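Reader: I've got a structure open and I don't really know how to read it. Can you take me through some features, one at a time?

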Amino acid sequence: MKKELRKAVIAGNWKMNNTPAQTTALINEMKPLVADADCEVVLCVPYIDIPAAVEAAKGSNIKIGAENVHFKASGAYTGEVSTDMLKEAGVEYVVIGHSERRTYFGETDQTVNLRSLAALNAGLKAIICVGETLEQRELGYTETLLKFQTKMALTNVKPEQLKNVIIAYEPVWAIGTGVTATADQADEGNGFVRAAIAEAYGADLAETVTVQYGGSMNAKNAEELVSKVNVDGGLIGGASLKAQDFSVIVKAASK
Ligand code: PEP
């Protein structure tokens with residue numbers, strides 16, 4: 001295992017939280033707390049907050065991401081936002097296929113693949129979420145499902161585009177529930193994701209891809225989770241809304 005080949009990425013996913021004014025205040029509070037990070041620090045924020053976030057993060061080590069992107073370049077897609085719009089606004093990362101989008105907004109493995117291709121072809125970094133439900137885990141399908149979702153998401157992604165791919169393993173039963181996967185479960189799930197990438201692209205390339213864990217990661221459990229060989233940082237929901245907690249997670253990933 002070659003963890004040293006990969007830079008850890010700690011990404012906050014704010015979901016539908018914070019107005020533009022609250023965005024400015026929270027990022028200003030976070031900036032000094034994460035300034036010494038030895039990992040990538042990203043905040044993925046609602047579309048309406050992007051200009052405020054980009055402005056507040058200017059000159060700091062915080063990168064800004066979006067929480068979704070449409071796969072068409074432009075046209076009659078009311079309510080959607082394109083890669084060009086995000087890039088011009090200063091966005092560098094985009095979350096794709098979050099379980100909340102899969103559950104509430106009809107996201108499928110096919111649309112996750114289309115969004116991933118659009119983001120990568122535009123030069124954005126894609127944080128692609130995969131994860132099993134509790135029922136799927138109890139039926140013994142975790143490995144099959146994680147490999148299938150990973151391969152589907154990466155269909156037609158070129159090997160040279162993998163440097164802009166981050167996969168976030170997020171067990172659905174651990175997101176926003178306060179129930180965290182054990183460090184061993186996180187490591188195993190991330191290992192299944194990496195094995196799927198190896199099957200598609202070869203082991204050497206798979207070793208270079210950042211695979212995060214997400215699901216109730218917090219200031220208390222982050223250090224143990226990110227110490228695992230297959231866990232290259234995290235996608236953080238609730239704890240990314242609190243500057244102090246988020247900075248503790250960033251510090252854990254910087255060790
Ligand atoms: C998420 O939104 O991706 C997430 C992992 O949320 P939480 O940390 O709140 O479980």
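Author: Sure, let's begin at the ligand. This is a predicted model. To see how a ligand is held, look for N or O atoms of the protein beside its own polar atoms. Here a polar backbone atom of Ser216 sits 2.7 Å from an oxygen atom of the ligand.

Reader: Which side chains have a polar atom 2.9 Å from an oxygen atom of the ligand?

Author: Lys15 has a polar side-chain atom 2.9 Å from a ligand oxygen. His98 also places a side-chain N or O atom 2.9 Å from an oxygen atom of the ligand.

Reader: How much of the ligand does the protein bury?

Author: You take the area of the ligand on its own, then ask what share the protein covers. Alone, the ligand exposes 290 Å², and the protein buries 95% of that.

Reader: How many residues surround the ligand, and how do they divide into nonpolar, polar and charged?

Author: The ligand has 14 residues around it, and the closest are Lys15, Glu170, Gly176, Ser216 and Gly237. Sorted by type, the shell has 4 nonpolar, 8 polar and 2 charged residues.

Reader: On to helices. Which residues of helix α2 are buried?

Author: With a helix, list the buried residues and then check which way they point. In α2, residues 50–57, the buried ones are Ile50, Ala52, Ala53, Ala56 and Ala57.

Reader: Why do we say they are on the same side of α2?

Author: Because they cover an arc of only 165° around the axis, they lie on the same side of α2.

Reader: What do those buried residues pack against?

Author: They pack against two helices and two strands: α1 (20–34), α3 (83–88), β2 (40–45) and β3 (62–66). Have a look past the helix too: α2 is followed by Gly59, which has a positive phi, near 80°.

Reader: Now a single residue. Where is Asp109, and is it buried or exposed?

Author: For one residue, find its element, then its accessibility, then its partners. Asp109 belongs to helix α5, residues 109–121. Its relative accessibility is 17%, so Asp109 counts as buried, the cut-off being under 20%.

Reader: What is Asp109 in contact with, beyond its neighbours within four places in sequence?

Author: Those contacts are Arg102, Phe148, Gln149 and Met152. With Arg102 there's a side-chain to side-chain polar contact, at 2.8 Å. By contrast, you can pick a residue further off: the C-alpha atoms of Asp109 and Thr180 are separated by 24 Å, with their positions 71 residues apart along the chain.

Reader: Let me try Thr111. Which polar contacts does its side chain make?

Author: Thr111 lies in helix α5 as well. Its side chain makes a polar contact with the side chain of Glu107 at 2.5 Å, and reaches the backbone nitrogen of Thr108 at 2.9 Å. Thr111 has a relative accessibility of 18%, so it counts as buried.

Reader: And one outside a helix: where is Lys3 found?

Author: Lys3 is in the segment before β1 (9–13). With a relative accessible area of 23%, Lys3 is partly exposed.

Reader: What does the side chain of Lys3 reach?

Author: The Lys3 side chain reaches the backbone oxygen of Val226 at 2.7 Å. Setting aside neighbours within four places in sequence, Lys3 has contacts that include Val226, Ser227, Lys228 and Asp232. That shows how residues far apart in numbering can meet: Lys3 is in contact with Val226.

Conventions
Residues numbered from 1 in each chain as written. Predicted model: local features only at pLDDT ≥ 70, side-chain atom pairs only at ≥ 80, totals over all residues. Heavy atoms only, no water. Helix = DSSP H or I, 4+ residues; strand = E, 2+ residues; numbered from the N terminus. Buried < 20%, exposed > 50% of the residue type's maximum accessible area, 1.4 Å probe, protein only. Contact = heavy atoms within 4.5 Å. Polar contact = N/O pair within 3.5 Å; in protein donor to acceptor, adjacent residues only side chain to side chain. Near = heavy atom within 4 Å. Areas by Shrake-Rupley, 256 points an atom, 1.4 Å probe, with all protein chains shown as cover. Nonpolar A, V, L, I, M, F, W, Y, C, P; charged D, E, K, R; others polar. Arc of directions from axis to C-beta.
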